[in-house]
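Q: Hi! I'd like to go through a model with you, a bit at a time. Could you pull it up?

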Amino acid sequence: MAITGALVQWMRDNLGLIQKSSDIEPLARTVKDNGGVYFVPAFSGLFAPYWKSDARGVIAGLTRYSNKGHLARAVLEATAYQTREVLEAMELDSGKRVDSLRAHGGMVENDLLMQFQADILNRDVIRPLIKETRALGASYAAGLAVGFYKDLGELRRHWSADQVWKPHMESATRERLYSEWKKAVTRSFGWVAEPGLSARA
């Protein structure tokens, strides 16, 4: 996925709708749902599972009722929808089902996003006690390489969960939201003309 947490930064730096990244959650909580608004952050094309370099970002479903709270929710939800798309592609390729998602990074501090992620995936989402696991993983790999850690079992004993979110959304609601996201994604296709072709009026 090309754009996830960077979309929150874009809201902060380019639109000025929030002062700091952590403000996105309280702003999103000012509304009960996304109000039919979807934000597809294809700023430099779509990555997995679409691989469309000619796509560009779109905000779909706006009405006069839409406000900055709906946009904030759409920004957060975009990460969850993209995660589901990649997870489904992984399961299709591997033939194996993923039972839970262990999240990491700065966005795991956003409880609203974590609950929505669990809801849209229909699986548990787990926040680890140590949230920046990229650096931790690199240090574990180095430790294994030099014999500081005995085996993978020893590493697994170091991992622990901080919080677990369980899905609560009704199946019909989940699939309707995901279907509308998919529709919004198609609106981002083909915005950049292929080299050598003139843009159509």
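Q: Thanks! Which helix does Arg 73 lie in?
A: Happy to help. Bear in mind that this is a predicted model. Arg 73 lies in helix H3, which covers residues 68–94.

Q: And is Arg 73 buried or exposed?
A: Arg 73 is buried: its relative accessible area is 12%, and the cut-off for buried is under 20%.

Q: What does Arg 73 touch, leaving out residues up to four places away in sequence?
A: With those left out, Arg 73 touches Ala 28, Val 31, Lys 32, Asp 33, Asn 34 and Leu 112.

Q: Let's talk about empty space. How many cavities of 30 Å³ or more turn up in the whole structure?
A: The search finds two. Arg 73 comes back here, as one of the residues lining the second largest cavity.

Q: Nice. Which other residues line the second largest cavity along with Arg 73?
A: The others are Leu 76, Glu 77, Leu 112, Leu 113 and Phe 116. Helices H3 and H4 are the elements that give two or more residues each to that lining.

Q: How much space is in the second largest cavity, and how does its lining divide by class?
A: About 50 Å³ of space lies there. The lining has four nonpolar residues, no polar ones and two charged ones.

Q: What about the largest cavity: what volume does it have?
A: Its volume is about 110 Å³. It is lined by 16 residues, and the closest to its centre are Met 1, Leu 46, Phe 47, Ala 48 and Gln 82.

Q: Which element gives the largest share of the lining of the largest cavity?
A: That's H3, with three residues. H3 and helix H7 (171–186) each supply at least two.

Q: And by class, what is the lining of the largest cavity made of?
A: It has 13 nonpolar residues, two polar and one charged.

Q: Switching topic: what order do the strands have in the open sheet of three?
A: The order is S3-S4-S5, and the pairing is mixed. Strands S3 (100–102) and S5 (161–165) are the edge strands, each pairing on one side only. From one strand to the next, the twist averages 20 degrees.

Q: In what sense do S3 and S4 pair?
A: S3 and S4 (residues 124–128) pair in the parallel sense, over three bridges. Ser 100 stands opposite Asp 124 in S4.

Q: Last one: which strands does H4 lie across?
A: Helix H4 (residues 111–121) lies across S3, S4 and S5, and runs at about 145 degrees to S4.

Definitions and conventions
Residues numbered from 1 in each chain as written. Predicted model: local features only at pLDDT ≥ 70, side-chain atom pairs only at ≥ 80, totals over all residues. Heavy atoms only, no water. Pairing = 2+ DSSP bridges. Helix = DSSP H or I, 4+ residues; strand = E, 2+ residues; numbered from the N terminus. Axes fitted to C-alpha atoms, helices over the stretch in contact; angles between N-to-C directions. Contact = heavy atoms within 4.5 Å. Buried < 20%, exposed > 50% of the residue type's maximum accessible area, 1.4 Å probe, protein only. 1 Å grid on protein atoms, 1.4 Å probe; cavity = no way out; pocket = protein on both sides within 12 Å on 5 of 7 lines; lining within 4 Å. Points joined across faces, edges and corners; volume = space filled by probe spheres on them. Nonpolar A, V, L, I, M, F, W, Y, C, P; charged D, E, K, R; others polar.
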